Structure formats: structure tokens, C-alpha cells
Amino acid sequence: MPNGHRLLLENARQVVLVCAGGERFLAGPALRSLAVLEGASLVVGTDGFIKAIGPADVIQRQFSEDTFEEKIDCSGKCILPGLVDAHTHPVWAGERVHEFAMKLAGATYMDIHQAGGGINFTVEHTRQASEEELFCSLQQRLQCMMRAGTTLVECKSGYGLNLETELKMLRVIERARREMHLGLSATYCGAHSVPKGKTAIEAADDIINNHLPRLQELCKNGELHVDNIDVFCEKGVFDLETTRRILEGGKKMGFQINFHGDELHPMKAAELGAELGAQAISHLEEVSDEGITAMAKARCAAVLLPTTAYMLRLKQPRARKMLDEGVIVSLGSDFNPNAYCFSMPMVMHLACVNMRMSMPEALAAATINAAYALGKSHTHGSLEVGKQGDLIIINASRWEHLIYQFGGHHELIDYVIAKGKIIYKK
């Protein structure tokens with residue numbers, strides 16, 4: 001089958017390319033309208049990469065003699081890039097639904113954290129859980145994300161805080177990366193919290209002297225793949241100087257810097273990230289004006305998490321100010337026991353309503369810009385020839401329905417496709 005291809009998607013009402021000129025991200029005025037083709041078809045090759053996109057009649061003439069493993073008639077439907085979730089904590093054990101009740105009764109995130117709940121509660125349960133148990137729950141969670149249209153997910157460790165459990169979590173993420181159809185970006189987040197019985201400085205020393213060298217060793221011999229390093233830079237957790245030391249240590253080992261900053265208190269984390277050449281900074285509810293300017297200049301992506309601000313009743317991150325200043329704005333679900341949401345369509349809807357983003361801005365933030373935040377926008381995040389064939393097909397005449405219908409994604413999404421293979425069909 002020399003001229004065979006894996007997949008033909010025919011005659012879609014709309015194909016949302018997002019980018020059409022090989023852009024690595026979209027910022028500023030480029031976000032006003034996204035590249036969209038009407039009445040178009042798309043071809044994915046047997047290697048899983050996009051071979052052609054164009055008017056249906058042109059594609060039909062060009063590929064008329066070819067054999068396809070699979071053809072899907074997309075008449076009246078829309079094709080979009082697979083969604084990218086730029087921030088998740090999907091590996092953990094132990095249920096925290098009782099804390100949701102405490103928050104609804106008025107407890108703050110830090111109240112619960114200081115009473116031994118929050119991250120500490122999950123750490124205890126995750127340390128006790130077997131690797132198999134953690135893998136099974138991760139697999140189920142990733143499948144829920146995939147059914148909501150996500151094809152590339154950032155996955156953090158960070159509920160171990162000791163080397164043994166952090167490595168256990170990273171092995172679970174590595175196994176999912178090898179066995180599942182979704183793309184994963186793995187993040188070492190050993191500095192997610194200060195473990196009981198240690199000061200922040202002692203915890204940082206342990207990470208720099210013990211965790212990072214061991215990680216480097218396991219990455220070198222191919223046992224693990226770690227893409228990013230993360231620290232929770234926050235008052236009462238890791239201060240700016242300690243955060244700097246850990247991030248610099250990770251950068252020396254070749255990890256991309258991608259960390260939690262300026263969430264509950266203004267910490268000047270954005271300024272630090274811009275200075276260190278961070279790929280991305282998450283949260284930023286309390287970012288300063290100077291931090292926003294520095295991030296725009298350094299092309300450091302902002303990963304905004306509308307679910308967290310919504311569920312913790314925090315003030316919303318200043319998405320409009322960031323967009324107006326030219327920051328590369330991306331989105332994540334922040335899926336974790338404290339913000340239980342798998343759905344990037346719901347995240348985009350919240351971003352539009354609560355953070356005042358437009359629908360094109362939100363879609364770019366959940367595709368090309370989220371891929372950029374993970375250092376993967378050269379292969380993911382848009383539908384262009386040469387990029388990976390990760391896409392979703394929705395049963396609607398306009399792509400905006402994916403954002404407009406709040407909680408409607410289960411009915412809308414007909415297919416989720418990764419590398420040209422159907423991984424979910426409604």
C-alpha cells in the first residue's frame with residue numbers, strides 16, 4: 001500500500017486550523033480571528049502526521065486513487081485541533097470531597113492547608129498507595145480528559161515530597177505515556193509543599209542534592225522522561241530565593257521551567273520566571289504589572305486556571321491586561337483533588353465568562369498557546385501540514401459551540417483522534 005494514508009476527514013463545515021503560518025504561539029492582535037477553512041477536508045498519513053488540508057474538491061482530486069484505512073464524513077460538522085491541558089495534578093490517592101464542604105462553609109485554602117489538610121492529606125494517602133493503584137486511577141482520569149477533547153496533557157508529580165514517592169509518581173506518568181494514546185508532558189513537582197518535619201531550606205537542599213541528580217540519572221538511562229520542573233512559590237511554602245535555587249538546579253539538568261507563581265500573594269514570581277527564561281508560569285492571580293510586562297518581553301507563557309479561581313473564590317487572573325500587553329496566554333484545568341475538573345471546554349467557557357476572554361482567544365489558549373507552554377507547539381496545538389494528527393470532530397455547524405454550550409461537550413464531541421487514530425467515538 002505505497003500510496004495509502006491512515007485517515008481522510010471529508011467535507012467538514014469548518015476546519016479550525018488555529019494557525020496557518022507555522023506560528024509557535026498567538027499573542028496580541030493575532031488573536032482577533034483564528035484561521036478557519038469552510039467546506040474542507042483533511043488527510044493524516046500512516047506516520048500520524050497531517051499530509052494535506054484544503055477545499056474538499058481539491059483534496060478529493062489530489063487523493064482520489066489513494067487508499068485510506070479510515071474515512072469519516074464530516075458534513076455539517078467542525079474539526080478542531082485536539083485540546084491541550086497545560087496544568088494538571090492527575091496522580092494521587094485519597095478523597096478530598098470533605099474539604100469542598102469546608103470551603104463552602106468559609107474555610108480558605110490556607111486554613112485547610114495549615115490544619116494538615118490539602119496537599120498534606122493527599123501526600124499521606126499517595127505515599128501509602130501502590131504504583132498499580134495510582135496507575136489505574138491515573139488511567140481513568142486521563143480517559144475522562146480525552147473524552148472531553150484533550151489530546152495532550154501536562155502531568156505533575158508533587159504528592160510525594162520525598163524522593164521515593166516522587167519517583168513512584170513519575171514512573172506512573174511514564175507508564176501512562178508509553179501505554180496510552182494521549183500525549184503527556186511530565187513535570188517534576190517535588191517542591192509542591194514543604195514536607196512535615198522540614199524547613200523550606202532543608203526541603204530545597206534535599207531536592208537539589210538528592211532528587212535532581214537521581215532524576216537526571218533516570219532520564220539519561222531512559223527509565224523516565226521528565227520535561228519540566230515546578231515549584232509552588234508562595235508565602236509559607238517556598239519563598240522567592242528558595243524557588244530560584246530549585247528552578248536553577250532543574251534548568252541546569254535540561255528541564256523546562258514551568259512553575260506555580262503569584263497565586264495567593266504577590267511574590268514577584270513572574271519577574272523571577274522571566275529572568276530565568278521560564279517556559280511558563282501558572283496561576284498569576286496576584287501578578288504585578290511589572291511581572292506582566294516582563295513575561296511579555298521574555299515570551300514566557302501564562303497558564304491561567306479559571307477553575308481554581310472559581311472554586312476557591314479567588315480573584316480572577318487579569319487575563320485582559322495580559323492579553324493587551326502581549327503575554328502568551330494559555331489555559332489549564334488544574335485538575336487535582338482541590339479543583340476536580342477534567343474538561344477543557346468548561347475551562348474555556350469559564351475563561352470567557354469570568355476572565356473576559358473572547359472565544360478565539362480561549363481556543364488559542366487551549367491549543368497552540370498551551371502547546372507552547374509545554375514546549376511542544378512545533379508539533380501540537382494547530383492543524384497544519386507536518387503537525388501531529390491530533391484533532392476532535394464536533395457535531396455542530398460552528399466551532400464556537402464547543403465553548404458556548406457549558407457542560408455540553410459530551411453530546412458535542414463525536415470523535416477524538418490522536419496521530420490519525422480514533423481514540424474515542426461517541
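What follows is a walk through the overall build, the open and enclosed spaces, and the aromatic contacts of a predicted model.

The protein has 426 residues and a radius of gyration of 21 Å, which agrees with the value near 22 Å that a compact globule of that length would have. Along the principal axes, the C-alpha trace stretches over about 70 × 45 × 40 Å. On the secondary-structure side, the count comes to 17 helices and 16 strands. As for exposure, 61% of the 426 residues count as buried.

Next come the spaces, starting with the open one. The largest pocket takes up about 360 Å³. Its lining is made up of 19 residues, and those closest to the centre are R177, L182, G183, Q388 and K419. Three secondary-structure elements, namely β7 (150-156), α6 (163-179) and β8 (183-191), each put at least two residues into this lining. Sorted by class, the pocket lining holds eight charged residues, six polar ones and five nonpolar ones.

Then there is the space that is closed off. Two cavities of 30 Å³ or more turn up in the structure. The largest cavity has a volume of about 130 Å³. Its wall consists of 15 residues, with Y109, H192, D334, N336 and N338 lying nearest the centre. That lining splits into seven polar, five nonpolar and three charged residues.

The second largest cavity offers about 50 Å³ of space. Around it sit P81, G82, V84, T151, L152, H380, G381, S382, L383, Q388 and D390. Six of these lining residues are polar, four are nonpolar and one is charged. Q388 deserves a second look: this residue belongs to the lining of the second largest cavity, and it is also listed among the residues closest to the centre of the largest pocket.

That leaves the rings. Searching the whole structure gives seven aromatic pairs. One of them joins F63 and F68 in a tilted arrangement, with 6.3 Å from centre to centre and 55° between the planes. Both partners, F63 and F68, are buried. Another pair, Y340 with F342, is edge-to-face, at 5.3 Å centre to centre and with 75° between the planes. The two partners of this second pair fall into separate exposure classes, and the cut-offs show why: buried means under 20% relative accessible area, and partly exposed covers the range from there up to 50%. F342 comes in at 18% and is therefore buried, whereas Y340, at 47%, is partly exposed.

Y340 and F342 also belong to a bigger group, since W92, F335, Y340 and F342 form one aromatic cluster. W92 has a charged neighbour as well: the charged end of R141 sits over the W92 ring, 3.7 Å from the ring centre. A similar contact involves R175, which lies over the face of F135 at 3.7 Å from the centre of that ring.

Definitions and conventions: Residues are numbered from 1 along each chain as its sequence is written. This is a predicted model: local features need pLDDT of at least 70, side-chain atom pairs count only at pLDDT 80 or more; totals for chains, interfaces and linings use all residues. Side-chain values use heavy atoms; hydrogens and water are left out. On a 1 Å grid over the protein atoms alone, a cavity is a set of points where a 1.4 Å probe fits but cannot get out, and a pocket is an open set with protein on both sides within 12 Å along at least five of seven lines; lining residues have an atom within 4 Å of a point. Grid points are joined across faces, edges and corners, and a volume is the space filled by probe spheres set on the points. Helices (H or I, at least four residues) and strands (E, at least two) are DSSP runs, numbered from the N terminus. Ala, Val, Leu, Ile, Met, Phe, Trp, Tyr, Cys and Pro count as nonpolar, Asp, Glu, Lys and Arg as charged, and the others, Gly among them, as polar. Rings of Phe, Tyr and Trp (its six-membered ring) pair if their centres lie within 6.5 Å; planes under 30 degrees apart count as stacked, over 60 as edge-to-face and the rest as tilted. Buried means under 20% relative accessible area, exposed over 50%, partly exposed in between (1.4 Å probe, protein chains only). A charge sits over a ring if NZ of Lys or CZ of Arg is within 6 Å of the ring centre and within 35 degrees of the ring normal. The radius of gyration is taken over C-alpha atoms; the globule rule is 2.2 Å times the number of residues to the power 0.38.
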